[in-house]
Every structure is written in C-alpha cells, then in structure tokens.
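User: I have a model open and would like to know how its labels were assigned. Please set each value against its definition.

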Amino acid sequence: MKAVDVNHISYRVADYAKTREFYVDLLGMKVLSDTGKQCSLLVGNTVLIPRNWPTDTPRVDHVAYSLDHWNRTEVETE
C-alpha cells in the first residue's frame, strides 16, 4: 500500500461553529457541508471535519488517508 494523500482529518471541539468560522475567515476554507453538529471544510484535497464534543481540549479523532490503487480484497488479505 502507498498513501498518496490525506483524505480527511476529524477532530473533536467544544464549539464546531466557532471553529468553522475561524478557518473560513482566517484561511479561506470552503464549507462543504454543515449538519448543525459538525461541518466539512475543504483545504486543498483534504477535508477537515470539526465535530461538537464535550471537551476542554480539542483533539484529533482520526486521520484517513487515500491509498494508491486501493483494492479491498488485497488489503484484507495482507
């Protein structure tokens, strides 16, 4: 397998809307979707997903990578 891109980064924040506005206003990210509890922001080919979560400290929930020539059967076999 070879990772060729960061597909998305999901992280937990106390106020996703405040986080969304920070990235949109400061860095010009584009809002792809907004559910009222989380949003998807586009930066290059990567999506940033801040999600409401009761937390004092924001933290990364997960990072997903795009793989070159993805083949589920081969990956499961490996």
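Analyst: Contact here means heavy atoms within 4.5 Å. Leaving aside neighbours within four places in sequence, serine 10 is in contact with Ile49, Arg51, Val60, Asp61 and His62. The model is predicted, so local features need pLDDT of at least 70 and side-chain atom pairs count only at pLDDT 80 or more, while totals for chains, interfaces and linings use all residues. Residues are numbered from 1 along each chain as its sequence is written, and side-chain values use heavy atoms, with hydrogens and water left out.

User: Why is serine 10 called buried?

Analyst: Buried means under 20% relative accessible area, exposed means over 50%, and partly exposed is in between (1.4 Å probe, protein chains only). Serine 10 has 0% relative accessibility, so it counts as buried. This residue lies in strand E1.

User: What makes a stretch a helix or a strand, and how many of each does the chain have?

Analyst: Both are DSSP runs, numbered from the N terminus: helices are H or I with at least four residues, strands are E with at least two. By that rule the chain has two helices and five strands. Along the sequence their order is β-α-β-β-β-β-α.

User: Why is the chain described as more spread out than a compact globule?

Analyst: The radius of gyration is taken over C-alpha atoms, and the globule rule is 2.2 Å times the number of residues to the power 0.38. For 78 residues the rule gives 12 Å, and the chain has 15 Å, well over that value, so it is more spread out than a compact globule. Taken along the principal axes, the C-alpha atoms fill a box of roughly 40 × 25 × 20 Å. Buried residues are 26% of the 78 residues.

User: What makes a set of residues a nonpolar core, and which residues make up the largest one?

Analyst: A nonpolar core is a set of buried Ala, Val, Leu, Ile, Met, Phe, Trp, Tyr and Cys residues joined through side-chain atoms within 4.5 Å. The largest has eight residues: Tyr11, Val13, Tyr16, Tyr23, Met29, Cys39, Leu41 and Leu48. At least two residues of this core come from each of strand E1 (3–13), helix H1 (16–27) and strand E3 (39–43). Core member Leu48, leaving aside neighbours within four places in sequence, is in contact with Ile9, Tyr11, Tyr23, Met29, Cys39, Ser40 and Leu41.

User: Is arginine 59 buried, exposed or partly exposed, and which residues is it in contact with?

Analyst: The relative accessible area of arginine 59 is 46%, so the residue is partly exposed. It belongs to strand E5 (residues 59–67). With neighbours within four places in sequence left aside, arginine 59 is in contact with Tyr11 and Arg12. Tyrosine 11 is 48 residues away along the chain, yet the C-alpha atoms of the two are separated by 5.5 Å.

User: And valine 43: buried, exposed or partly exposed?

Analyst: At 39% relative accessibility, valine 43 counts as partly exposed. The residue is in strand E3. Its C-alpha atom is separated by 8.9 Å from that of leucine 27, 16 residues apart along the chain.

User: What is the relative accessible area of histidine 69, and where is this residue found?

Analyst: The value is 69%, so histidine 69 is exposed. It is found in the loop between E5 and helix H2 (72–77). Histidine 69 is not a glycine, but its phi is positive, at about 55°.
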